[in-house]
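Trainee: Got a minute to walk me through a structure? I'd like to start with the terms.

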Amino acid sequence: MKDVHSTLLDRRSIRRYEREPISQEDIDYIYEAIRNTPTSYNGQQFSVIDITDRQIKEKLYDLTGQKQIKTCSHFMVFCADYYKISELADRKGLDMPEFTHTADGLIVGVVDATLAMMSALVAAESLGLGTCPIGYARTAAPEETSKILELPEKVFVVCGLAIGVPREMPDIKPKQQRELMIFSNKYKTEKLVSELEAYD
């Protein structure tokens, strides 16, 4: 298992994978990392669909054109999920606040799902597996994707994550320098655009 330093700082997106299965032990570890994700109010307003079925992956590939979806071992789709809490509130006869009709309410589910994806990514990378987050899974064809995955009302895709045994080791993409991304005490605008131009 890789240490935290190399797991976080040597990470790169992998788009080509070996046709090699991931052990159940490793998948269970990734699942547990997902389950232990911090969430807003401990509400756990997310769900994950782990796709290994070749036909489903092919359908999602057809919608997105992202080849890593069909070649990875596991394609995990991370969803904001208000269905579970709504159904439970209904079963218990409780009034459900309409927080999903507010920007903050929607953001809660998006953040929960995104944190869960990062938990899965870090867990997978620590095992030496390759990963590639795919935001286009959300925007390519949301209605068709929802039908393929049989998503109920109040559940929507936030992002996907391809996981598999890497067949490539591309260079790490250059990131903005620290001073353009991490500010001290307040947002910095002085010289920002010229420094961004230099990075470009």
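Mentor: Sure. A polar contact is a pair of N or O atoms within 3.5 Å; within protein, one must be able to donate a hydrogen and the other to accept it, and residues adjacent in sequence count only if both atoms are side-chain atoms. This is a predicted model, where local features need pLDDT of at least 70, side-chain atom pairs count only at pLDDT 80 or more, and totals for chains, interfaces and linings use all residues. Residues are numbered from 1 along each chain as its sequence is written, and side-chain values use heavy atoms, leaving out hydrogens and water.

Trainee: OK, which backbone oxygen lies 2.8 Å from a polar atom of the T37 side chain?

Mentor: The one of I34.

Trainee: And is T37 buried or exposed?

Mentor: T37 is buried, because its relative accessibility is 8% (buried means under 20% relative accessible area, exposed over 50%, partly exposed in between, with a 1.4 Å probe and protein chains only).

Trainee: What does T37 touch, leaving out residues up to four places away in sequence?

Mentor: D112, L115, A116 and S119, where contact means heavy atoms within 4.5 Å.

Trainee: Switching to R12: what does its side chain reach at 2.7 Å?

Mentor: The backbone oxygen of P170. Beyond four places in sequence, R12 touches several residues, including E125, T131 and M169.

Trainee: Last one: how accessible is L8?

Mentor: L8 has a relative accessible area of 46%, so L8 counts as partly exposed.
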